[in-house]
Amino acid sequence: MNAVKALFTKQAVDLPKNMTVLSMFIMWPIMGILFGQFMPDPISIQMANFAGILIGAGPMIAISNNVAEDVEYKGLRFLVMAGVKPWQYIGGMALFFAIVTIVTLAIMAILGGFTGEILLWFCILSLFGIISSSLLGGAIGIFSKNVQQATAYSMPIMMVLAFIPIVAMFNEGIGRFAQFLFSYQIGAVLFPLVMRAYPGFTYDIPDPDYTRAVIVMVANAVILLVLFIVAYKKKGLRG
């Protein structure tokens, strides 16, 4: 546990220096506030929307960049020499960015006024989403030779996870594909709950499909866990 604690502390010290990663956790709450002020939809909708983007993009990019950076600059070599096990390395990093994501999401939940059933499902879906995003980021980082390659891999994936769920709201064809993404299910559950709680909203909104959402989220986590294991067995933690 001392190794995990040391890696956790290392990430806390390094985060303020990494503006690419830090901006991921600052930008989306600010975007939610701005869109909430200038768009006709309630701010709770904007916070649910950008929370899904944060969950899909934040942990993935943060972990993939950090793993790739340690590989590129031989940081892993010193960690291995210090006796750090691979699970301690990944675990300490994932734990740190999970906490950073949870803190950011908590701020967004407060700003969005999430309570009751909305808050409960927000927490459940966020937890599964963070796990999936972290596993994906770890796999990308392991497959990457350097930070540039990790960015080249993660950016298009981020665009799919973050923005296709939004486009799917207006395109049925894309929606049939997007429903299998963990980032889509966050909005698919939260949007109806938020809209029905909005004062004065009178449209008939169907109940969210909770069962499908949980199945998709769990399936995504399992698939990405397998991908991470394959990546680790094939490449290992080089450096």
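Reader: Which helix axes come within 9 Å, and at what angle do they cross?
Author: This is a predicted model. In it, the axes of helix α3 (residues 43-72) and helix α9 (residues 182-197) come within 9 Å. They cross at roughly 165°.

Reader: What makes α3 and α9 roughly antiparallel?
Author: Set the angle against the cut-off. The axes cross at roughly 165°. Angles over 145 degrees count as roughly antiparallel. Therefore α3 and α9 are called roughly antiparallel to each other. The crossing of α3 past α9 is right-handed.

Reader: Which residues make the contact of α3 with α9?
Author: From α3 come S44, I45, A48, N49, G52, I55 and G56. From α9 come F182, S183, I186, L190, F191, V194 and M195. By class, the contact has 9 nonpolar, 5 polar and no charged residues.

Reader: Why do the G52 and G56 of that contact count as polar?
Author: The class is set by a list. Gly is named among the polar residues, so G52 and G56 are counted there.

Reader: How many aromatic pairs are there?
Author: The count comes to 7 aromatic pairs. One of them is F25 with F97.

Reader: Why is the pair of F25 and F97 called stacked?
Author: Their centres lie 6.4 Å apart, and the planes are at 15°. Centres within 6.5 Å make a pair, and planes under 30 degrees apart make it stacked, so both tests are met. F25 lies in helix α2 (residues 19-38) and F97 in helix α5 (residues 86-112), so the pair ties together parts 72 residues apart in sequence. F25 and F97 are buried.

Reader: What makes W121 and Y210 a stacked pair?
Author: The ring centres are 4.5 Å apart and the planes are at 20°, so this pair is stacked. W121 sits in helix α6 (residues 116-143) and Y210 in helix α10 (residues 210-235), 89 residues apart.

Reader: How do you know whether W121 is buried or exposed?
Author: Its relative accessibility is 14%. Buried means under 20%, so W121 counts as buried.

Reader: Why is Y210 called partly exposed?
Author: Y210 has a relative accessible area of 22%. Partly exposed runs between the 20% and 50% cut-offs, so Y210 belongs there.

Reader: Which residues do ring pairs link into a cluster?
Author: W28, F35, F50 and F163. W28 is found in helix α2.

Reader: What makes W28 buried?
Author: W28 has a relative accessible area of 6%. That is under 20%, so W28 is buried. Leaving aside neighbours within four places in sequence, W28 is in contact with F50, I53, L54, M108 and F163.

Notes
Residues are numbered from 1 along each chain as its sequence is written. This is a predicted model: local features need pLDDT of at least 70, side-chain atom pairs count only at pLDDT 80 or more; totals for chains, interfaces and linings use all residues. Side-chain values use heavy atoms; hydrogens and water are left out. Rings of Phe, Tyr and Trp (its six-membered ring) pair if their centres lie within 6.5 Å; planes under 30 degrees apart count as stacked, over 60 as edge-to-face and the rest as tilted. Helices (H or I, at least four residues) and strands (E, at least two) are DSSP runs, numbered from the N terminus. Buried means under 20% relative accessible area, exposed over 50%, partly exposed in between (1.4 Å probe, protein chains only). Contact means heavy atoms within 4.5 Å. Axes are lines fitted to C-alpha atoms, for helices over the stretch in contact, and angles run from 0 to 180 degrees between N-to-C directions. Angles under 35 degrees count as roughly parallel, over 145 as roughly antiparallel, 65 to 115 as roughly perpendicular and the rest as oblique. A crossing is left-handed if the near helix is turned anticlockwise from the far one by less than a right angle, and right-handed if clockwise.
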